[in-house]
Every structure is written in C-alpha cells, then in structure tokens.
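Colleague: I'm new to this one, and I'd like a close look at a single part of it. Could you walk me through the second largest pocket and then set it in its surroundings?

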Amino acid sequence: RHIFSKYGGNMSAEGSVAWKFKQHACLTVSAVTGEEEQTKLLDDAIEAGAADVVFQLEEKQAEVLCDPADLVPVREGLGQQGWKVDSGMLQWLPETFTAVDGEQMEDIVKLVELMEALDDVQSVTHDAQLQEVSDDKD
C-alpha cells in the first residue's frame with residue numbers, strides 16, 4: 001500500500017479492472033532477423049493457429065500470441081516448421097492502452113519496478129502506454 005500511495009497508484013477491489021485485460025498465450029521465438037524471416041514466421045504462426053505476432057526487432061525475437069487453449073498446438077506447429085520456441089506462458093494483456101507521459105510516466109515506471117521487486121509479487125500488468133524515456137533534458 002505504501003508503494004501505491006507514494007507513486008500515485010490506487011488500490012481497488014479484487015477483479016475491478018479485470019475487464020480491461022484478456023489472457024493470452026505468449027510464445028517467444030528467437031533468431032528472427034530479416035524481413036523474409038518475419039514474413040515466414042507470420043505465415044507459419046497463423047497456419048499453426050496464432051492470433052498475432054509482435055516483432056521485437058532490437059532483441060531479434062518475436063512474441064506469438066494465441067488463445068490459451070491453443071498454446072500447445074501452436075507451439076508444436078511452430079516447432080514442426082523449424083522455429084525455436086524459447087518460452088511459452090500465459091499473460092494478461094490490456095485490451096486498450098492509456099497514454100501517459102512526463103512525470104506520470106516516470107512514476108508508473110518506478111511503481112512497476114518497485115512492485116516487481118517485491119517477493120510476494122509474481123507479475124505486474126498495466127495498461128500504460130509508455131514512451132521511451134530519454135535522459136536528454138534539452
């Protein structure tokens with residue numbers, strides 16, 4: 001509670017914001033580098049039953065999203081197509097994002113970091129659309 005009050009967070013009743021999130025299965029596929037590989041992964045993932053693919057080009061990987069019930073078939077389908085699936089897990093993802101900036105963004109980033117550092121916290125999910133934090137103060 002202290003962390004919430006210090007960084008502008010609010011405690012609400014259990015399940016009161018659950019409608020803002022949907023559970024997805026997320027599979028991480030590594031070694032996705034070129035545009036050709038991205039297109040092939042997208043085609044293979046859709047063929048295997050995935051709903052979406054989110055590319056993280058800086059990390060040279062992609063997240064393949066699917067319905068939780070399809071986690072195993074999609075993972076197996078990607079494996080049969082020769083893709084290396086590094087991990088697969090269930091995640092709560094926001095249906096829509098809330099734009100934040102400036103001081104509010106810094107508070108949210110700090111709040112999330114502090115929450116993730118707590119031993120009792122398994123994961124932190126939020127709907128804040130965070131922009132890249134720049135150290136430049138022009």
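**The second largest pocket and its surroundings**

Modeller: Sure, let's start with what the walls are made of: the lining of the second largest pocket splits into nine nonpolar, six polar and two charged residues. Bear in mind that this is a predicted model. The space inside that pocket comes to about 550 Å³. It takes 17 residues to line the second largest pocket, and the ones closest to its centre are Gln91, Trp92, Leu93, Pro94 and His126. If you want to find the pocket on screen, those five are a handy place to click.

Now for the strands around it. Strand 2 (52-56), strand 3 (61-66) and strand 4 (85-94) each put at least two residues into the lining of the second largest pocket. Strand 4 is the top contributor there, with five residues.

To place those strands, step back to the whole chain. The protein has four helices and six strands, and going along the sequence they come in the order α-β-α-β-β-α-β-β-α-β. The C-alpha atoms fill a box of roughly 50 × 40 × 25 Å along the principal axes.

How does our pocket's bigger neighbour in the ranking look? The largest pocket has a volume of about 1200 Å³. It is lined by 32 residues, and nearest its centre you'll find Phe4, Val17, Phe21, Thr125 and His126. You've met His126 already, as one of the residues closest to the centre of the second largest pocket. In the lining of the largest pocket, helix 4 (residues 102-117) gives the most, with six residues. By type, that lining divides into 16 nonpolar, 12 polar and four charged residues.

One last stop, at a pair of helices. The axes of helix 2 (residues 35-48) and helix 3 (residues 71-80) come within 8 Å and cross at roughly 135°, so the two helices are oblique to each other. Their crossing is right-handed. On the helix 2 side the contact is made by Leu41, Asp44, Ala45 and Ala48, and on the helix 3 side by Pro73, Val74, Gly77 and Leu78. Sorted by type, the residues of this contact are six nonpolar, one polar and one charged.

Methods: Residues are numbered from 1 along each chain as its sequence is written. This is a predicted model: local features need pLDDT of at least 70, side-chain atom pairs count only at pLDDT 80 or more; totals for chains, interfaces and linings use all residues. Side-chain values use heavy atoms; hydrogens and water are left out. Axes are lines fitted to C-alpha atoms, for helices over the stretch in contact, and angles run from 0 to 180 degrees between N-to-C directions. Angles under 35 degrees count as roughly parallel, over 145 as roughly antiparallel, 65 to 115 as roughly perpendicular and the rest as oblique. A crossing is left-handed if the near helix is turned anticlockwise from the far one by less than a right angle, and right-handed if clockwise. Contact means heavy atoms within 4.5 Å. Ala, Val, Leu, Ile, Met, Phe, Trp, Tyr, Cys and Pro count as nonpolar, Asp, Glu, Lys and Arg as charged, and the others, Gly among them, as polar. On a 1 Å grid over the protein atoms alone, a cavity is a set of points where a 1.4 Å probe fits but cannot get out, and a pocket is an open set with protein on both sides within 12 Å along at least five of seven lines; lining residues have an atom within 4 Å of a point. Grid points are joined across faces, edges and corners, and a volume is the space filled by probe spheres set on the points.
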